[in-house]
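The report below is meant to be read with the sequence and the structure side by side. It moves from single residues to sheets, helices and cores.

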Amino acid sequence: MVTDGKGWAMDALGGTTRRRFLGTATAAGGALALGTTGRAAAQDGAAAPTVAVLGGGVAGLTAAHELAERGFRVTVYERKALGGKARSMDVPDSGTGGRAPLPGEHGFRFIPGIYHNLPDTMRRIPFPGNAHGVHDNLVAPKEMLFARSGGREDIRIPLPWPDSSPAELTPDEIRRAVTSVLDTAFNLPLHEALYFANRFLVFLTSCDERRDETWERTPWWEFVRAGQMSYDYQRILAVGITRNIVATKAEEASTRTVATLLEAFAFNLLGRGADGPLDRILDAPTNEAWIDPWVTHLRSLGVEFRVGWTVRDLTLEEGRIGGAVMEDPAGARRTVTADHYISAMPVEHARRTWNSAVRAADPQLAACDRLQTDWMTGIQFYLTERTPILHGHLDLIDSPWSLTAIAQAQHWPRHDFPADFGDGTVADCLSVDVSEWDRPGILYGKTAKQCTRAEVAREVWAQLKAALNDTGRTVLKDSVLHSWFLDPAVDGLGTPNPVNEEQLLIHPTGTFHHRPRSATRIPNLFLSGDYVAVPIDLATMEGANTSARQAVNALLDRTGSSAERCTVTPLYRAPEFDALKRHDRTRYLLRLPNLFDLG
């Protein structure tokens, strides 16, 4: 397999060395036996239909998995590396003495209990010694930390997992629970906690029509009246939620998207309709714990992979896709043909392959031009000592670049970090996501895009220390910093034209109405990716996985296949609120506000 990525080896906070990016491959697993439904695609001795899956991220691998189990002949074409933004990657030239290279990544993995479709896939990927496949590689952090700067006290919150589902919920119980959390844990003024709890209740009892129209077109900042509230209210409940989770500015973020996720997380905390604990991560680098076993399993099902192949165009012939024009690893143009095509690339790459004829055949493709992406990219700091922060994720509420992070070594029980990775001196990996790339930092007064790679590393390190070392205890010491690794998808930093090849779909108001369906009007073209309309309505691995299931179902429907359809599990909604939602639908049709909406 060939990759065309770039790698960067870095020493502490100094310069960079540009080197060839090295891929990884580990063997794992066995094969999942196909049932009778897996053979339904090929009947009466006919050759199984062929499918070209264009993109090898979570969406593409999920589509290949579902199709292969149903007897289709699948080839996955990926321009860079299998796993997409979800993969981990080796830091080039960092492993010595027989040790593995240091693990780098686009950003740390977060697989919350609100996900259902992705965990189902993970259970079907064999892993040696695991009864439930790679799903058993998920572990639950014990706590989370909201780190404050300027001497403010940090907020440490335990993450218990309820032993049982709570009693029947009522609006009053929800209001009291949310108010109590905000008042006690975050020390917000009582009137602000009460107001936010009531706004949450408004959304919780809103009908789908009000959510899809009114709240989709209402910015989160406006919905929670952030402009009238305290600094802490704004940083925690407006900026913190939208920038760190959705990578969208609170003044622009769709209330529908933000509140839908908050609703799901709230029920997750209550033990309602969840796959597992609120916060879950993998117990090893992503490729080792998930991606490599997945690829190995797909090969056992007959899936073929072509890595280093870039899709340039889709040709339309008599109303169908006649071929995918690609650039192979040697740079030569080739046309790949198949019976069906699933476009599983991120939207910013997929829409470049839709020429005017393809767009004219299905107007929803042209609408994808209105979808927006932004930067949310990771940097890893390798330390010679374990970091005494906490057992879980931390959110740096006051950091200008909206940083979130996790110390990973403590969550990887199969590894002795100094013995297994790097040069034998690295004891921990502090993985940090940078969500705000257009706001000046505290060290250079420049945005992340205006900084060089080395300046980005120094600035992020400074913001980490400003939040963690400001209450009299030195958590991060310069002396323990071994090296760092910034996602190689980011290039041109410090120049007039910075680029990021792996951006994140964001959700400003109105986005919901521009997201396409998995089925297109072109009979043999289907869409998969985190930009496709799915129940979770957020650019996530769960969204990518769900969209792939929808695409496969659409393909099965289009071909009249008798194969079993993929399950598509929506986010949980508490049945106790169904009557209030029906009442709200009547009020919405009468142009009246929600029953709990006091303005």
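Ser435 sits in the loop that links strand S20 (428–434) to helix H14 (453–468), in a model that is predicted. Its relative accessibility is 0%, and Ser435 therefore counts as buried, since that term covers values under 20%. The side chain of Ser435 reaches the backbone oxygen of Ser402, at 3.5 Å.

Another residue with little exposure is Phe127, which is found in the loop between helix H2 and strand S7 (138–139). Phe127 has a relative accessible area of 14% and is therefore buried as well. Although Phe127 and Pro293 are 166 residues apart along the chain, their C-alpha atoms are separated by 6.7 Å.

Leu598 gives a contrasting case: this leucine belongs to the segment after helix H16 (578–589), and it counts as exposed because its relative accessibility is 72%, where the term requires over 50%. Leu598 and Asn198 are 400 residues apart in sequence, yet in space the C-alpha atoms of the two lie 8.5 Å apart.

Backbone angles single out two further loop residues. Most residues other than glycine have a negative phi. Asp93, however, has a positive phi of about 60° without being a glycine, and Glu318, also a residue other than glycine, has a positive phi near 55°. The table sets out where each of them lies and how accessible each of them is.

| Residue | Loop between | Relative accessibility | State |
|---|---|---|---|
| Asp93 | strand S5 (88–90) and strand S6 (103–105) | 52% | exposed |
| Glu318 | strand S12 (310–317) and strand S13 (320–327) | 83% | exposed |

Turning to the strands, an open sheet of 5 strands follows the order S11-S4-S3-S15-S25, and the pairing within it is parallel. Its edge strands are S11 and strand S25 (525–527), each of which pairs on one side only, and from one strand to the next the twist averages 20°. Strand S15 (residues 340–343) is joined to S25 over 3 bridges in the parallel sense, and within this pairing Ser343 has Leu527 of S25 as its bridge partner. Helix H15 lies across S3, S15 and S25, and it runs at about 155° to S25.

Elsewhere, strand S17 (residues 377–383) and strand S21 run antiparallel and are joined by 5 bridges. Here Gln380 stands opposite Phe485 in S21. Because 5 of the 6 residues of S21 (residues 481–486) are buried, this strand is largely enclosed by the rest of the structure.

How are two packed helices described? The description uses the angle between their axes and the distance between the axes. For helix H5 (residues 208–215) and helix H8, the angle is about 135° and the axes are 8 Å apart. H5 is therefore oblique to H8, and the contact is made by Arg211, Asp212 and Trp215 on the H5 side and by Thr255, Arg256 and Glu263 on the H8 side.

Which residues of the largest nonpolar core touch the most other members? Among the 57 residues of this core, they are Leu67, Trp290 and Ile342. The elements that supply two or more residues to the core are strand S3 (50–54), helix H1 (58–69), strand S4 (73–78), helix H2 (117–123), helix H8 (255–269), helix H9 (286–300), strand S11 (304–307) and helix H15 (541–559). H15 gives the most, with 8 residues; this is the helix that lies across S3, S15 and S25 in the sheet described above.

The surroundings of Leu67 can be followed residue by residue. Leaving aside residues up to four places away in sequence, Leu67 touches Val51, Val53, Phe72, Val74, Ile342, Val552 and Leu555. One of these contacts, Ile342, is itself named with Leu67 among the residues that touch the most other core members. Apart from this core lies another, of 39 residues, including Phe146, Leu201, Ala238 and Val258.

Conventions: Residues numbered from 1 in each chain as written. Predicted model: local features only at pLDDT ≥ 70, side-chain atom pairs only at ≥ 80, totals over all residues. Heavy atoms only, no water. Core = buried A, V, L, I, M, F, W, Y, C linked by side-chain atoms within 4.5 Å. Buried < 20%, exposed > 50% of the residue type's maximum accessible area, 1.4 Å probe, protein only. Helix = DSSP H or I, 4+ residues; strand = E, 2+ residues; numbered from the N terminus. Contact = heavy atoms within 4.5 Å. Polar contact = N/O pair within 3.5 Å; in protein donor to acceptor, adjacent residues only side chain to side chain. Pairing = 2+ DSSP bridges. Axes fitted to C-alpha atoms, helices over the stretch in contact; angles between N-to-C directions. Parallel < 35°, antiparallel > 145°, perpendicular 65-115°, else oblique.
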